[in-house]
Amino acid sequence: MRTVQHWIDGAFVSTGHDLVPVLNPATDEAVAMVEMANADAVRRAIDSAEAAAAHWARTPLSKRAQVLFRFRELLIEARSELAELITLEHGKTLDDAAGEVMRALDSVDLATGGPALTQGATSLQTGPDIDTKSVLHPVGICVGITPFNFPVMMGLMMVSVSLAAGNTFVWKPSEQDPGASVRIAELFKQAGLPDGVLNVVHGRQEAAEQLIDDPRTQAVSFVGSSAAAKAVYARAAAAGTRAQAFGGAKNHLVVMPDADLDVVADQLTSSAFGAAGQRCMAISVAVVVGESAEPLLQRLAPRAEAVQLNAGHVPGTEVGPVVSRRAQERIQRTIKEAIAAGARAVVDRSTEQVPGFENGYFVGPTILTDVPVTSPAYKQELFGPVLVVLRVDTLDEAIALIRNHRYGNGGSIFTNNAAAVSQFEREATVGMLGVNVAIPVPVAGYAVQGWKDSVFGDTGLNNASWSFYTRPKYVTSRWESLSGTDFGFRPN
Ligand code: NAD
């Protein structure tokens, strides 16, 4: 069986320590064993990143960009291979997995612009014959801790910009689907990345904490659940280390009375159930303003019933299993409790079995309405293919639901009413908004960044992360000699 080892100093490293099975969510069978890092392996990864840091920081910007350009081509070539690995370990469909790789490419493309995007600024005559300039230095060793749901994209969102800015990196991917991470490290080596610039260690919370606590770590990027994000942010702060930590979500989609309900039903079906609801930007709550709730449910129900639930590698599959037995049981339990508490299941495929894959962690598309806003099915992130449909009378009430929710990752509105859009844009307390778009993930030229408990820290990923992965220096220069003393602190 395949063993997923660590990648340290440009080579696979085995510690032979604490091997854990990587399970295929469609079959519950082990498809690999992953080595959990011991303290020595984590330390060696940071040693390697430290040893490579000075040389990589001095490597010209254009040479760093060339590595990224070569990596970009290799990533495209490896697209199918990576998609197969993702499907095997994560469970999403092959088509969705290939889409993830192409979304990751967007971050690599952005990072190839490093020579232009790491410019400082210069101002002449900021005082008498005085110039001031700012320059951006790499911060040094960066750490990235990533979730299971985008095993390629999340890592590359961090690694690409960080490397382009001249840093070295230690990546701890999710222990649930670690296979793609080391393949990416191999591709980077093939692209000419010097050994030690990118290292990968596998592990759980303890490995992550050792990486955060190491005094040589200069920046910590984290994506995962909010509880872990908050803990990581606090831990990094305690160590005096900058951190950006992205957490969970409960994204609302507001349906205005003028919205085309067939379009909304199609978009909601794709957004809520695609990737088995395991996207941080999936819509999990539809808020219907006015009288359209029943007609919308009438359109949603047949669509949810028709979704092809099957193993991700089977042609024609639209929704695969969720990632683990634990996730499956948690989602099924929450649905059951919501129904017991008075919610109405318009469609409930939550316990559906897939012939031929009876041991898989399947949860079929489920639509709940009349869900109390105090219930866990509304308040918590389920991270499964479950859509809650709520009814309100006004846009104000819809926005109030969003404002009162603890999460603020994304949110959408479907309407052609410009005044409603304008109010939604101004008042919705989420970081990533969609107007007639149901998965409003901004392109890499902008940022991935939520609000409220969906983020801890103040810099987004992608184009917003150049400042996170660099440290500014400000230089004040005088070009005329000035003699004589002056003990005052003069304005320029
Ligand atoms: P998770 O929090 O269980 O794990 C994420 C990563 O953190 C893993 O590598 C894990 O090993 C590590 N980890 C877990 N607990 C830790 C701790 N206390 N300290 C340090 N490291 C820890 O999350 P998951 O189940 O893998 O991923 C799903 C979550 O990620 C969902 O909540 C989803 O919304 C969120 N997510 C958010 C975004 C975003 O942009 N906000 C994007 C993708 C996923």
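Which residue in S25 is the bridge partner of Ser134? In this predicted model, the bridge partner of Ser134 in S25 is Tyr474, and this pair belongs to a longer contact between strands, since S7 and strand S25, the latter covering residues 470-478, pair in the antiparallel sense over nine bridges. Strand S7 (residues 130-138) is also joined to strand S6 (residues 121-127), with four bridges between the two and an antiparallel course. Within that pairing, Ser123 has Thr132 of S7 as its bridge partner. The hairpin formed by S6 and S7 has two residues between the strands, and Asp129 takes a positive phi near 55° there. In general, strands of a sheet pair through backbone hydrogen bonds, in either a parallel or an antiparallel manner.

A further sheet involves strands from the beginning of the numbering. Three strands form this open sheet, in the order S1-S5-S4, and the pairing is mixed. Strand S1 (3-4) and strand S4 (19-24) are the edge strands, each of them pairing on one side only. S1 pairs with strand S5, which spans residues 29-35, in the parallel sense and over two bridges, and Val4 stands opposite Val34 in S5. Helix H3, made up of residues 79-90, packs on the sheet and touches S4 and S5, while the direction of H3 makes about 100° with that of S4.

Aromatic side chains provide another set of contacts, as the structure holds four aromatic pairs. One of these is formed by Phe71 and Phe188, whose rings are stacked, at 3.7 Å centre to centre and with 0° between the planes. Because Phe71 lies in helix H2 (residues 61-77) whereas Phe188 lies in helix H7 (residues 179-190), the pair ties together parts that are 117 residues apart in sequence.

The model also contains a ligand, with 28 residues around it, of which Thr146, Glu175, Ser225, Gly247 and Glu381 come nearest. Several polar contacts can be described individually. A polar side-chain atom of Ser225 lies 2.6 Å from an oxygen atom of the ligand, whereas for Thr146 a polar backbone atom is placed 2.8 Å from a ligand oxygen atom. In the case of Lys172, an N or O atom in the side chain is 3.0 Å from an oxygen atom of the ligand. On its own the ligand has 850 Å² of accessible area, and the protein covers 89% of this.

Note on methods: Residues numbered from 1 in each chain as written. Predicted model: local features only at pLDDT ≥ 70, side-chain atom pairs only at ≥ 80, totals over all residues. Heavy atoms only, no water. Pairing = 2+ DSSP bridges. Contact = heavy atoms within 4.5 Å. Axes fitted to C-alpha atoms, helices over the stretch in contact; angles between N-to-C directions. Near = heavy atom within 4 Å. Polar contact = N/O pair within 3.5 Å; in protein donor to acceptor, adjacent residues only side chain to side chain. Areas by Shrake-Rupley, 256 points an atom, 1.4 Å probe, with all protein chains shown as cover. Phe/Tyr/Trp six-rings, centres within 6.5 Å; stacked < 30°, edge-to-face > 60°.
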